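Here is a short, friendly tour of how some helices and strands are arranged. Have a look at the structure first, and then read on.

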Amino acid sequence: MCISTFFLFCQIDKKMNNATIKAKRGIIMIEIENLKINLESLISNSDRVMIFPHKGPDFDAIAASLGVSLISDKLKVDNHIVIGDQMCKLFPGVQKMIEKEKDNHSMIDTEEYKKAKTKKTLNILCDVNKPQLTWVERFNKNRLAIIDHHDVDDETFEAILRHIDTSATSASEIATALVSKSKIKIPENIANSLLAGILLDTDDSIRRLTGDSSRVLTTLYRFGASSSKANEFFQEDIKNNEKVQDLVKKGIKFALIMGDEDVEYSKEDLAKAANKLLRCPVNMSFAIGNIGEGIVSISGRSKESDNVGEIMRQLEGGGGPCSGATKLSDTTVDEAGKRLLRVVFPNHFGRKQKNTK
Ligand SMILES: [Mn+2]
């Protein structure tokens with residue numbers, strides 16, 4: 001039997017409302033009302049709002065940040081979403097989510113943040129509450145608000161407003177409830193992003209969906225969100241995963257150790273090295289090294305699919321299907337490696353070598 005634990009941590013600085021509330025989900029909408037009032041007041045008293053998703057942002061972090069930016073937009077306070085990672089390093093689905101919104105919402109990097117922040121800037125963390133997971137590790141606690149659903153510990157930032165609800169499925173769920181309380185019309189794109197944020201960990205989210213979460217989903221559907229559109233973000237990642245899978249399926253044909261040019265090895269050293277290398281998930285392994293007197297030796301090993309003796313024969317050597325070797329004079333380790341590549345990958349590294357058998 002699964003027993004759910006609920007912990008809603010809503011703390012507002014003494015100046016605003018001296019409250020630390022542990023609550024069951026039944027009263028979360030009341031807390032959202034408080035969050036809305038306090039957050040709006042903080043935003044209104046700032047000249048600029050900087051919204052931070054976590055490092056390596058996922059759908060939830062970006063979507064929640066977009067939700068918060070809608071509130072700043074409504075209050076006509078200049079706001080920016082700060083993303084410290086290079087775009088190309090983000091998951092394709094996340095890139096797509098950002099891409100769709102970058103004309104409507106300012107997205108800046110940490111350098112631009114440093115230039116643009118002022119004493120009256122309010123920083124809002126979305127889907128994160130600890131310095132290890134943010135690009136900026138220090139904030140003035142009187143200029144920091146947190147909207148999150150992750151556990152709190154000693155590392156958690158001190159902040160003037162902390163709304164950390166570990167029973168929420170996602171930061172996007174909290175952001176949706178908040179935006180909806182603020183009576184903001186959610187653009188369809190953002191509704192879909194928020195839905196993707198909520199569904200990110202689908203199994204878990206479905207298990208944890210409660211009355212409040214369902215209300216949040218209803219809100220998103222009302223603003224035009226649909227599972228198929230939200231799924232498009234996931235499809236981007238699946239497509240990319242498939243691409244990677246296909247690449248892996250091509251198989252790692254080949255592993256190669258190149259000995260140092262100025263170190264002398266024995267044939268046995270090279271054979272042992274090739275043997276060890278074959279324990280990696282590869283079809284063939286080779287070790288190349290100087291064995292003295294101007295001779296470079298290649299030792300090859302193969303599992304099943306490739307005949308390494310055949311490859312060695314093309315390099316003036318020989319052997320059986322699983323084990324082979326060759327000795328090459330008047331060459332370097334580097335050059336021997338290139339010759340080997342030309343034989344193993346004739347289509348990629350040059351003309352197919354003449355079979356010298
Ligand atoms: Mn999250």
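In this predicted model, helices α3 and α9 are oblique to each other, because their axes cross at roughly 140 degrees and an angle has to be over 145 degrees to count as roughly antiparallel. The two axes come within 7 Å, and the crossing of α3 past α9 is right-handed.

Which residues of α3 and α9 meet? On the α3 side they are P92, G93, K96 and M97, and their counterparts in α9 are F233, F234, E236, D237 and N240. By character, this contact holds 4 nonpolar, 2 polar and 3 charged residues.

Now to the strands. An open sheet of 5 strands runs in the order β9-β10-β11-β13-β12, with mixed pairing. β9 and β12 stand at the edges with a single partner strand each, so one side of each has no neighbour in the sheet. At the β12 edge, β12 pairs with β13 in the antiparallel sense over 2 bridges; G318 has A325 in β13 as its bridge partner.

What lies across this part of the model? Helix α12 lies across β9, β10, β11 and β13, and runs at about 155 degrees to β10.

For finding your way on screen, here are the elements with their residue ranges:

| Element | Residues |
|---|---|
| Helix α3 | residues 92-101 |
| Helix α9 | residues 227-249 |
| Strand β9 | residues 254-258 |
| Strand β10 | residues 284-290 |
| Strand β11 | residues 295-302 |
| Strand β12 | residues 318-319 |
| Strand β13 | residues 323-329 |
| Helix α12 | residues 333-344 |

Definitions and conventions. Residues numbered from 1 in each chain as written. Predicted model: local features only at pLDDT ≥ 70, side-chain atom pairs only at ≥ 80, totals over all residues. Axes fitted to C-alpha atoms, helices over the stretch in contact; angles between N-to-C directions. Helix = DSSP H or I, 4+ residues; strand = E, 2+ residues; numbered from the N terminus. Parallel < 35°, antiparallel > 145°, perpendicular 65-115°, else oblique. Left-handed = near helix turned anticlockwise from the far one by under 90°. Contact = placed C-beta atoms within 7 Å. Nonpolar A, V, L, I, M, F, W, Y, C, P; charged D, E, K, R; others polar. Pairing = 2+ DSSP bridges.
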